[in-house]
Each structure stands twice: as C-alpha cells, then as structure tokens.
Amino acid sequence: MAKPLLPDELWERIEPLLPPLRPHPKGGHPWTENRKALTGILFVLRTGIPWEYLPQEMGCGCGMTCWRRLRDWHAAGVWKRLHELLLAELNGADKIDWSRAVVDSSLLRAMCGGPKTGRNPTDRGKPGSKHHVLTDAWGIPLVLIL
C-alpha cells in the first residue's frame with residue numbers, strides 16, 4: 001500500500017490550527033472536509049501538477065477548492081503557526097543542530113509588482129523579490145524572509 005500523503009500524526013498537529021468552516025446560511029454545496037482539502041493540496045505540491053488536473057478519484061474536491069483553501073489558510077497564518085509548532089517540538093527534542101547554519105537566497109521576477117517588490121538588479125531593473133532561507137546543519141528551515 002502506498003504511503004499516505006497526510007499521516008494521522010501530522011493531521012493531529014494541523015487540525016487545531018485550521019479556522020472552522022463557515023456555515024452556508026443559504027444552503028449550497030457542502031464544504032469539502034479540511035483533511036481531504038489538505039490531502040489535495042499536498043498532492044498538487046508534491047507532484048507539481050496544475051490545480052485543475054487534481055484527480056477527482058482522490059475525493060479531495062476540485063483543484064480550485066484546494067487552491068482557495070491553501071490561500072485562505074495562508075492568510076489566516078496557519079502555515080506560520082505550524083512551522084513554529086514543529087520547530088518548538090524539534091528544539092524540545094534536541095533535533096536542531098545549532099552548531100552550523102546555512103543561508104541561501106534567490107531572486108524572483110515579480111511581473112505584476114506587489115508590496116514587497118523592488119528593482120531587480122539582475123533583470124534590468126524590472127520588479128522582483130528576493131527570498132532568503134536560514135537552515136540548521138541538517139537542512140531544517142528555521143526562518144524564511146521575503
């Protein structure tokens with residue numbers, strides 16, 4: 001049997017961080033369960049397929065449903081809180097190697113601009129962003145900055 005994309009142990013950590021689903025006062029299509037939507041999100045991010053090609057046989061809802069849930073959870077700060085929770089657990093278990101750190105960055109083009117864009121010196125001054133990541137000696141991401 002294939003390894004599950006969302007093991008129960010990980011779901012138990014993520015579920016309390018998710019905002020509750022809003023009721024549909026006028027009826028409408030019922031919400032896709034959060035766990036199913038997260039499984040669809042993980043599948044798309046893992047495989048790299050376009051959202052609209054998410055297989056319906058997986059029972060995760062459509063790709064747009066998963067994309068919107070990813071967007072909403074990001075806006076609600078779910079991923080930031082999950083990252084902090086997992087880092088605290090790793091630090092408590094002494095699994096973070098503080099003896100060394102690695103910093104890396106990348107420049108990305110920002111076609112439409114945005115609040116955190118500026119002139120990209122490597123792309124003739126067009127709008128861009130720079131991402132930085134700091135990892136410990138094992139490659140565990142500690143901080144991400146845009």
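**Salt bridges and a buried aspartate**

Four residues apart, about one turn of the helix, K80 and E84 both belong to helix α4 (helices are DSSP runs of H or I with at least four residues, strands are runs of E with at least two, and both are numbered from the N terminus). The model is predicted, so that local features need pLDDT of at least 70 and side-chain atom pairs count only at pLDDT 80 or more, while totals for chains, interfaces and linings use all residues. Residues are numbered from 1 along each chain as its sequence is written, and side-chain values use heavy atoms, with hydrogens and water left out.

K80 and E84 are joined by a salt bridge, with 3.0 Å between their closest N and O atoms (a salt bridge is a side-chain nitrogen of Lys or Arg within 4 Å of a carboxyl oxygen of Asp or Glu). K80 counts as exposed, at 56% relative accessibility, whereas E84 is partly exposed, with a relative accessible area of 42% (buried means under 20% relative accessible area, exposed over 50%, and partly exposed in between, with a 1.4 Å probe and protein chains only).

Helix α4 spans residues 78-92 and also contains R81. R81 is partly exposed, its relative accessible area being 34%. When residues up to four places away in sequence are set aside, R81 touches L17 and A76 (contact means heavy atoms within 4.5 Å). With L17, the side chain of R81 makes a polar contact, reaching the backbone oxygen of that residue at 2.6 Å (a polar contact is a pair of N or O atoms within 3.5 Å; within protein, one must be able to donate a hydrogen and the other to accept it, and residues adjacent in sequence count only if both atoms are side-chain atoms).

A search of the whole structure finds five salt bridges. One of them links D8 and R35, whose closest N and O atoms are 2.7 Å apart. D8 lies in helix α1 (residues 8-14) and R35 in helix α2 (residues 34-47), so this pair ties together parts that are 27 residues apart in sequence. D8 counts as partly exposed at 45% relative accessibility, and R35 is partly exposed with a relative accessible area of 27%. R71 and D72 also form a salt bridge, with 3.1 Å between the closest N and O atoms. R71, at 40% relative accessibility, counts as partly exposed, and D72, at 33%, counts as partly exposed too.

The discussion now turns to an acidic residue in a strand. D136 is found in strand β3, which covers residues 127-136. At 1% relative accessibility, D136 counts as buried. D136 nevertheless has no salt bridge, and R100, the nearest side chain of opposite charge, is 11 Å away (Lys and Arg count as positive and Asp and Glu as negative, while His and the chain ends are not counted).

What does the side chain of D136 reach at 2.9 Å? The partner at that distance is the backbone nitrogen of D97. The side chain of D136 also has a polar atom 2.8 Å from the backbone nitrogen of I140, and a polar atom of this side chain lies 3.0 Å from the backbone nitrogen of W138. Leaving aside residues up to four places away in sequence, D136 touches K95, I96, D97, R100 and L142.

W98 offers a reference point for both regions. The C-alpha atoms of D136 and W98 are separated by 6.2 Å, although the two residues are 38 residues apart along the chain. R81 and W98 are 17 residues apart along the chain, and their C-alpha atoms are separated by 21 Å.

These details can be placed within the whole chain. The chain has four helices and four strands, and from the N terminus on its elements run α-α-α-α-β-β-β-β. Taken along the principal axes, the C-alpha atoms fill a box of roughly 50 × 45 × 35 Å. The radius of gyration of the chain is 19 Å, whereas a compact globule of 146 residues would have one near 15 Å (the radius is taken over C-alpha atoms, and the globule rule is 2.2 Å times the number of residues to the power 0.38).

Of the 146 residues, 25% count as buried. The accessible surface of the chain comes to about 10600 Å², of which 59% belongs to carbon and sulfur atoms (accessible areas come from the Shrake-Rupley method with a 1.4 Å probe; for residues, only the protein chains shown count as cover). Among the contacts in the chain with a separation of 6 or more, 48% are between residues 24 or more positions apart.
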